[in-house]
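Below is a short note on the model, set out as numbered points. Please read it with the coordinates open.

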Amino acid sequence: MSARRLARLLCVLLVLTVTAGCRDATPRPGGTSDGGVLWRIPEAQIQALQITTCMRTVIIERHGTTWRSQSGELAQSRAFKELLQVAATLVSNRSIRPTLPLAEYGLSSPTAAIAVRGVAFERTMRLGHLGPVPGNVYGQIDSDPRLHLLPGLILEDALALTSGPGGGGERPAPCMPRPV
């Protein structure tokens, strides 16, 4: 292959790559838009997580450099570490405008609610039924009327944390959302 032909091929690939990377996040027909970062909070500013599911509510608070549940148990499970990362940077896979009542998405009585608290803020995500894309759940943030497809791992972690003794468990939970 000649150098000139190779240069053309590389230019075409570069244009395709840049074009694919610059997708427009404006609403598409049907009221959907690409996802993105919904919030970004420095982990050091997070003081507590309150996780509520059908089983119970667990509050995990920062004590210096460690995290403890309200029962005093050290929070160091995989589920807690993953949930803390999500609490710091929440990313949506897609945002949509609801076309049905919130109950149809599992959000009038959410499967889980997670409050992220700091000294000067509180953000809450509510998690409902499984979304149309495998591995996603419907979620709603604070009073935002849009729905977001959030990673299903968030819900799995919330259920694991509220199923074990003291909020650090890894056992499966009895309340799972239904698919829509």
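In which sense do strand 7 and strand 8 pair, and over how many bridges? The pairing is antiparallel and runs over four bridges. The points below start from the overall layout and come back to these strands. The model is predicted, which applies to every point.

1. Overall layout. The protein has three helices and nine strands. Read from the N terminus, the order of elements is α-β-β-β-β-α-β-β-β-β-β-α. Among contacts between residues at least 6 apart in sequence, 57% join residues at least 24 apart.

2. Burial and surface. The protein has 180 residues, and 39% of them count as buried. Its accessible surface is about 10,000 Å², with 59% of that belonging to carbon and sulfur atoms.

3. Main nonpolar core. The largest nonpolar core has 31 residues, and the members touching the most other members are I46, I114, M125, L127 and I154. At least two core residues come from each of strand 2 (46-53), strand 3 (57-63), helix 2 (78-88), strand 6, strand 7 (122-130), strand 8 (136-141) and helix 3 (152-163). Helix 2 contributes the most, with seven residues.

4. I154 within that core. Which residues does I154 contact, leaving aside its neighbours within four places in sequence? They are L83, V86, L90, I114, M125 and L127. Of these contacts, I114, M125 and L127 also appear among the core members that touch the most others.

5. Second core. Another core, of six residues, lies apart from the one around I154; Y105, L107, Y138 and L147 are among its members.

6. Aromatic pairs. The structure holds two aromatic pairs. W67 and F80 make a tilted one, at 5.5 Å centre to centre and 55 degrees between the planes. Since W67 is in strand 4 (residues 66-69) and F80 is in helix 2, this pair ties together parts 13 residues apart in sequence. W67 and F80 are both buried. The rings of Y105 and Y138 have centres 4.8 Å apart and planes at 70 degrees, so this pair is edge-to-face. Y105 belongs to the loop between strand 5 (89-96) and strand 6, and Y138 to strand 8, so the pair ties together parts 33 residues apart in sequence. Y105 and Y138 are both buried as well.

7. S77 ahead of helix 2. S77 sits in the loop between strand 4 and helix 2. Is S77 buried or exposed? It counts as buried, because its relative accessibility is 11% and the cut-off for buried is under 20%. The S77 side chain reaches the backbone nitrogen of F80 at 3.1 Å. F80 is also the partner of W67 in the tilted aromatic pair.

8. Burial of strand 8. Six of the six residues of strand 8 are buried. In a regular strand, side chains alternate between the two faces of the sheet. For strand 8, N136, Y138 and Q140 are on one side and V137, G139 and I141 on the other, and both faces are covered.

9. Neighbours of strand 8. On the strand 7 side, L127 stands opposite G139. The hairpin of strand 7 and strand 8 has five residues between the strands, and G135 takes a positive phi near 85 degrees there. Strand 8 is also joined by four bridges to strand 9 (residues 147-151), again antiparallel. Here G139 stands opposite H148. This second hairpin also has five residues between its strands, and D142 takes a positive phi near 45 degrees. G139 therefore faces L127 in one pairing and H148 in the other.

10. A113. A113 is in strand 6 (residues 112-118). Its relative accessible area is 22%, so A113 is partly exposed; the limit for buried is under 20%. Not counting residues up to four places away in sequence, A113 touches Q50, I51, T52, M125 and R126. A113 and L155 are 42 residues apart in sequence, with a C-alpha to C-alpha distance of 9.1 Å.

Conventions: Residues are numbered from 1 along each chain as its sequence is written. This is a predicted model: local features need pLDDT of at least 70, side-chain atom pairs count only at pLDDT 80 or more; totals for chains, interfaces and linings use all residues. Side-chain values use heavy atoms; hydrogens and water are left out. Buried means under 20% relative accessible area, exposed over 50%, partly exposed in between (1.4 Å probe, protein chains only). Contact means heavy atoms within 4.5 Å. Accessible areas come from the Shrake-Rupley method with a 1.4 Å probe; for residues, only the protein chains shown count as cover. A nonpolar core is a set of buried Ala, Val, Leu, Ile, Met, Phe, Trp, Tyr and Cys residues joined through side-chain atoms within 4.5 Å. Rings of Phe, Tyr and Trp (its six-membered ring) pair if their centres lie within 6.5 Å; planes under 30 degrees apart count as stacked, over 60 as edge-to-face and the rest as tilted. A polar contact is a pair of N or O atoms within 3.5 Å; within protein, one must be able to donate a hydrogen and the other to accept it, and residues adjacent in sequence count only if both atoms are side-chain atoms. Two strands pair if DSSP finds at least two bridges between them.
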